[in-house]
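Trainee: I would like to take a close look at a single part of this model, and I would be grateful for a connected explanation.

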Amino acid sequence: MIDVQNLTKRFGPKVAVDDLSFTVKKGEVLGFLGPNGAGKSTTMRMVTGFFPASAGSIEICGISMIDNPEEAKRKIGYLPESAPLYQDMTVSSFLKWIAEMRGLSGTARKEAVDRVIETCFLEQVAKQAIDTLSKGYRHRTCLAQSLIHDPEVLILDEPTDGLDPNQKQEVRKLIKKLGEDKAVLFSTHILEEVEAACSRAVIVDRGKIVADGTPDELKTKGGGSLYDLFHQVTTTDAQAAA
Ligand SMILES: Nc1ncnc2c1ncn2[C@@H]1O[C@H](COP(=O)(O)OP(=O)(O)OP(=O)(O)O)[C@@H](O)[C@H]1O
């Protein structure tokens, strides 16, 4: 469902993503781990067609994001790192509007809004203005917009960032459930999320994949600890400066 080959992004002399290849199949949740500045968001922005790659290929459900971006984007639900929300709209009017943007109308639009409100546990706040919501509900509203067209592919940039421990747990469970019949790529700094939500994970460092495997395989590579593996294969800011 997601097929990325030899993806590269240069910002002037800086190589933010360096010849990166990976695939995500239906029913798979791929965790995208790495330290700050590793290239996670840049990769996601290219995979979602938000900005172009310097080199490489991206296919979403067999459709090239480079040659046929409009069609490829229809297959994707995207939760960006800082998702825009219209503060004075209510949750349901915002979601209705997003559904319209996705080409839904009439009963299909109502069903889509009802479905994502239920999936993301937004019933209690559906009639509330977005600027009056707690961070957790605001976050789930962003997640709901990414699901409105029931996409086959879901790309989530740090979906649990800034949530309290209970909310993190809920979102991880939700990601795992969504991954049962979609291909999900999600980035995180939180190593516990690999075991809680992922069927597989890659660790990225300075734009390159430095480890790839199931949670158990990665733990074994780290001598029983994902933290140890992460520490071994990634570069700290102090090491990079040296
Ligand atoms: N528009 C840009 N212009 C120049 N450099 C950029 C730009 N966007 C990102 N970079 C650089 O590319 C590298 C990768 O950044 P990116 O945001 O993809 O990392 P990340 O893994 O998502 O980090 P974080 O976990 O902190 O969000 C960083 O060195 C960053 O400074």
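Which residue is the bridge partner of Glu59 in β5? Please start there and describe the sheet around that pair, together with what lies across the sheet.

Mentor: Please keep in mind that this is a predicted model. The bridge partner of Glu59 in β5 is Ser64, and two bridges join strand β4, residues 55-60, to β5, with the two strands running antiparallel. These strands belong to an open sheet of four, in which the order is β2-β1-β4-β5 and the pairing is antiparallel. At the edges of the sheet are β2 and β5, the latter covering residues 63-64, and each of these edge strands pairs on one side only.

If you now turn to the helix that goes with this sheet, you will find that α1 lies across β1 (2-11), β2 and β4, and that α1 runs at about 120° to β1. The helix also leads us to the ligand, where the surrounding residues are Phe11, Lys14, Ala16, Gly34, Asn36, Gly37, Ala38, Gly39, Lys40, Ser41 and Thr42. Two elements, β2 (14-24) and α1 (40-47), give two or more residues to this shell, and α1 gives the most, with three residues. By character, the residues of the shell divide into three nonpolar, six polar and two charged. Thus the edge strand β2, which pairs on one side only, is also among the elements that give two or more residues to the shell around the ligand, while α1, the helix that lies across β1, β2 and β4, contributes three residues to that shell.

Terms used:
Residues numbered from 1 in each chain as written. Predicted model: local features only at pLDDT ≥ 70, side-chain atom pairs only at ≥ 80, totals over all residues. Near = placed C-beta within 6 Å. Nonpolar A, V, L, I, M, F, W, Y, C, P; charged D, E, K, R; others polar. Pairing = 2+ DSSP bridges. Contact = placed C-beta atoms within 7 Å. Axes fitted to C-alpha atoms, helices over the stretch in contact; angles between N-to-C directions.
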